[in-house]
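Thank you all for making the time this morning. I would like to take you through one structure, and I will try to keep the pace slow enough that you can follow along on your own screens.

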Amino acid sequence: MFKKILIANRGEIALRIIRTCKEMGIKTVAVYSTADKDSLHVKFADEAVCIGKPQSSESYLNIPHLMAAAEITNADAIHPGYGFLAENARFAEICGEHGIKFIGPTPEMIRKMGDKMTAKETMIAAGVPVIPGSEGLLQSVEEAKKLAKQMGLPVILKATAGGGGKGMRVVWKDEELENAYNMAKNEARAAFNNDGIYMEKFVEEPRHIEIQVAGDQYGKVCHLSERDCSIQRRHQKLVEESPSPFMTPELREKMGEAAIKAASAINYESVGTIEFLVDKHRNFYFMEMNTRIQVEHGVTEEVINFDLIKEQIKIAAGIPISGKNYTPEMHVIECRINAEDPYNDFRPSPGKITTLHIPGGHGVRVDSHIYAGYVIPPYYDSMVAKLITIAQTREEAINTMERALSEFVIEGVKTTIPFHQQLMRDENFRKGNFTTKFTETFKLV
């Protein structure tokens, strides 16, 4: 087992990893930018190293600084968390070159799943259902028009190197296609330095349902049930839950088998997530694979009582997984609490937290790195907490979430708590009647 792990991340996820490492008897190294010198992950780690200025490019994305921190502290492994360099194949490669274990899949696996067109081709070969679309990257707007005519509108244009909704455009009318094509390419070039785009048939009334998987170094793969991530805003997840209210036992079995096929196709090792779009007829299609721990991993941890970070570390250390497939034992809902103003188009609201009260009680988990007096920096993602409730039924989980949200006090900055409070009271949400388009018509009052 590893003696010391450097966490190449910040905030909530860095703190989450530190906690499991402590329980496993593993020493930890926190890294931080000058903007994060007062963050809790810095205080709770065994050692901490400043790696640069507030801008991510000069700190959390600066590979030479991270490797120097690992070498001076004699860390024998690096955990990348999520975001930043978690799915950067070159970073994983450099770790290996320096004799430091990257806690995640191999560089080759990251590359295979990181490019969406390559991933799609891999899934087709593995027999995993995919959305009909172009057989490669689009070479011209004329090709796009011809393909759209063949498939029939609506279609969606996507950046091959995409993520977070960048370089993505839905086309409903013929006359919209050329402008959408150009905008998608320009946005992809600006966001990823790669303007490659492809086309897929647009799935109407879709659910976004993902399957958590784990694979070891010995070829064994299992799934750990599903998460429904359909409540989104501009392709950014706001609420996740398990089990999905849309799921049936038959669909869960089929999607679980498909997820295992997908991970097995690249001999996947580590924990990861296979993301699917599911239409109103419960047909499901592969979207992408995230070769890292997910923000919403706590949902799975609570619904099956399983420490995913511990499993990730054990796999990286060469310990075999059980290979057991899991089904939900409880009902779990997670609300992402962001420092954003929901009454002002979710504008980011960095600043000093003057008052903080964290909810508690039976069936409540809060993953957060904030405290009273903490200053939320403007340089990073605006998520400040993940509020998770656990109960025997979905109705009970929602009721517990309502109660917990009413106790959650964060003053000094705006947060998305009012949005979540109204969502929990919404009749359609409570009935499970929602798709990925739900927030487009949801009016905050």
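What follows is a walk through the domains, the salt bridges, the helix crossings and a few backbone details.

Please keep in mind throughout that what you have in front of you is a predicted model. Let me begin with the overall division of the chain, for which the domain assignment gives domain 1 as residues 4-103, domain 2 as residues 141-201 and domain 3 as residues 207-440. If we take the centres over C-alpha atoms, domain 2 and domain 3 are separated by 28 Å.

I turn next to the charged side chains. As a reminder, side chains of opposite charge can pair when their charged atoms come close. In this model the count of salt bridges comes to 37, and I have picked out three of them to discuss.

The first one I want to show lies in helix 5, residues 107-114. Here the side chains of Glu108 and Lys112 meet in a salt bridge, with a distance of 3.7 Å from N to O. Why are these two residues about one helical turn apart? They are four residues apart within helix 5, and that is why the separation comes to about one helical turn. As for their surroundings, Glu108 counts as exposed, at 52% relative accessibility, while Lys112, at 31%, counts as partly exposed.

My next pair is Glu210 and Lys237, whose side chains form a salt bridge at 2.9 Å, again N to O. Because Glu210 lies in strand 9, residues 207-215, and Lys237 lies in strand 11, residues 236-242, this pair ties together parts that are 27 residues apart in sequence. Are these two residues buried or exposed? Glu210 is buried, with a relative accessible area of 0%, and Lys237 also counts as buried, at 12%.

Staying with strand 11, we come to Glu240, which forms a salt bridge with Arg336, the closest N and O atoms being 2.7 Å apart. This pair links distant parts of the chain, since Glu240 sits in strand 11 and Arg336 in strand 14, residues 331-338, with their positions 96 residues apart in the numbering. Glu240 counts as buried at 0% relative accessibility, and Arg336 is buried as well, with a relative accessible area of 11%.

These last two pairs should be looked at together. Which residues are linked with them in a network of salt bridges? The network is made up of Glu210, Arg227, Lys237, Glu240, Glu275, Glu296 and Arg336.

Let me now move to the way the helices cross. Helix 5, which we met a moment ago, comes within 5 Å of helix 6, residues 116-126, when we compare their axes, and the two cross at roughly 95°. Since angles from 65 to 115 degrees count as roughly perpendicular, helix 5 and helix 6 are therefore roughly perpendicular to each other. On the helix 5 side, the contact is made by Lys112, Met113 and Gly114, and on the helix 6 side by Lys116, Thr118, Ala119, Thr122 and Met123. You will notice that Lys112, the salt-bridge partner of Glu108, appears in this contact too.

The other crossing I chose involves helix 7, residues 141-151, and helix 8, residues 177-192, whose axes come within 10 Å and cross at roughly 125°. That angle makes helix 7 oblique to helix 8, and the crossing is right-handed. Val141, Ala144, Lys145 and Ala148 of helix 7 make the contact with Leu177, Glu178 and Tyr181 of helix 8.

I will finish with the backbone. A cis peptide bond joins Leu153 and Pro154, with omega at about 5°, and Pro154 has its place in the loop between helix 7 and strand 6. The peptide bond from Ser242 to Pro243 is also cis, with omega near -5°, and Pro243 lies in the loop between strand 11 and helix 9.

Finally, two residues deserve a look for their phi angles. Arg282 is not a glycine, yet it has a positive phi of about 65°; Arg282 lies in the loop between strand 12 and strand 13 and, at 34% relative accessibility, counts as partly exposed. Asn305, likewise not a glycine, has a positive phi of about 55°, and its place is in the loop between helix 10 and helix 11, where Asn305 counts as exposed at 70% relative accessibility.

Technical notes. Residues numbered from 1 in each chain as written. Predicted model: local features only at pLDDT ≥ 70, side-chain atom pairs only at ≥ 80, totals over all residues. Heavy atoms only, no water. Domains from an automatic or database assignment. Salt bridge = Lys/Arg side-chain N within 4 Å of Asp/Glu carboxyl O. Buried < 20%, exposed > 50% of the residue type's maximum accessible area, 1.4 Å probe, protein only. Axes fitted to C-alpha atoms, helices over the stretch in contact; angles between N-to-C directions. Parallel < 35°, antiparallel > 145°, perpendicular 65-115°, else oblique. Left-handed = near helix turned anticlockwise from the far one by under 90°. Contact = heavy atoms within 4.5 Å.
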